[in-house]
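Me: I'm new to this structure and would like a close look at just one part of it. Pick a spot, take me through it slowly, and then show me what else there is around the chain.

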Amino acid sequence: MSMRWSRRISPLRRASRPRVRRRQEGEKVEYFYTEKEFRTDRTCLERERAVTEEEYHRLLVRRREEGVTLRKTRWCMLYAGRVLEIDVYPFWEHTAVLEIELPDEGAPVSIPPQIRVLREVTADRRLKNAVLAQRIPDERELLAETSEN
């Protein structure tokens, strides 16, 4: 199973980490309001609800002035009973971010052999969407860190 989603994520001004998202799969477009409450570097409580296109645009106006709308393409695949989400950003040529949602922090992780993992980035705040909307790290810097590990 493989789906290609194009997503625009815009952080809003508030402490609870709300976001509005535009998700497109082929011709189908959906809009969401999401709030994330981070519990640890690895876990968060996520509440999401569908919104209308009109509400999405109204909420988009409230986004942080210093941030930008983050664009990415998300590839989803099912592997070993888990959904893997690979985020590909237009500003990096050789770097993507893989996310696997687990039922708990101790759950085993299984990654397809075709995917080469360069390093674990769960705790790297620079690669969180809200932070990327503020500042995009130079890809050469990220790849240099990978070769050091």
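Reply: Here is a walk around the β5-β6 hairpin, followed by a few other places.

A quick word on the ground rules. This is a predicted model, in which local features need pLDDT of at least 70 and side-chain atom pairs count only at pLDDT 80 or more, while totals for chains, interfaces and linings use all residues. Residues are numbered from 1 along each chain as its sequence is written, and side-chain values use heavy atoms, with hydrogens and water left out.

First, the overall layout. The protein has 3 helices and 7 strands, taken from DSSP runs and numbered from the N terminus (helices are H or I with at least four residues, strands are E with at least two). Read from the N terminus, the order is β-β-β-β-α-β-β-β-α-α.

Now the hairpin. Strand β5 covers residues 70-79 and strand β6 covers residues 82-88, and they pair in the antiparallel sense over 7 bridges; to count as paired, two strands need at least two DSSP bridges between them. One facing pair to look for is Cys76 in β5 opposite Glu85 in β6. On from there, β6 also pairs with β7, again antiparallel, over 5 bridges. Here Ile86 has Leu98 in β7 as its bridge partner. As background, side chains in a regular strand alternate between the two faces of the sheet.

What sits in the turn between β5 and β6? There are 2 residues between the strands, and Ala80 in the turn has a positive phi of about 50°. That's worth a second look, as Ala80 is not a glycine. Most residues other than glycine have a negative phi. Ala80 counts as exposed because its relative accessible area is 54% (exposed is over 50%, buried is under 20%, and partly exposed is in between, with a 1.4 Å probe and protein chains only).

Next, slide down into β5 and find Lys72. With a relative accessibility of 3%, Lys72 counts as buried. Its side chain makes a polar contact with the side chain of Asp87 at 2.9 Å. A polar contact here is a pair of N or O atoms within 3.5 Å; within protein, one must be able to donate a hydrogen and the other to accept it, and residues adjacent in sequence count only if both atoms are side-chain atoms. Lys72 and Asp87 also belong to a network of salt bridges that links them with Arg74, Glu85 and Glu99. A salt bridge is a side-chain nitrogen of Lys or Arg within 4 Å of a carboxyl oxygen of Asp or Glu. By that rule there are 13 salt bridges.

Back up at the turn, look across to Val109, in the loop between β7 and α2. The C-alpha atoms of Val109 and Ala80 are 8.8 Å apart, although 29 residues separate them along the chain. Leaving out residues up to four places away in sequence, Val109 touches Ile100 and Leu102, where a contact means heavy atoms within 4.5 Å. Val109 also joins Ile111 and Val117 in a nonpolar surface patch with about 230 Å² of accessible area together. Patches take residues with over 30% relative accessible area and no salt bridge, joining like charges within 9 Å and nonpolar side chains (Val, Leu, Ile, Met, Phe, Trp, Tyr) within 5 Å. Ile111 is in the loop between β7 (96-100) and α2 (129-132), and at 31% relative accessible area it is partly exposed.

Further along, Asp124 is involved in two salt bridges: with Arg119 the closest N and O atoms are 3.2 Å apart, and with Arg126 the N to O distance is 2.7 Å. Asp124 is buried, at 13%, while Arg126 is partly exposed at 23%. Another salt bridge brings together Arg140 and Asp138 at 3.0 Å; Arg140 is exposed at 67%.

For another hairpin, try β2 and β3 (residues 28-38), antiparallel over 8 bridges, with Val20 facing Tyr33. Gly26 in its turn has a positive phi of about 65°. In β2 (residues 18-25), 6 of the 8 residues are buried, so this strand is largely enclosed by the rest of the structure. Across the 149 residues of the protein, 35% count as buried.

Key:
Accessible areas come from the Shrake-Rupley method with a 1.4 Å probe; for residues, only the protein chains shown count as cover.
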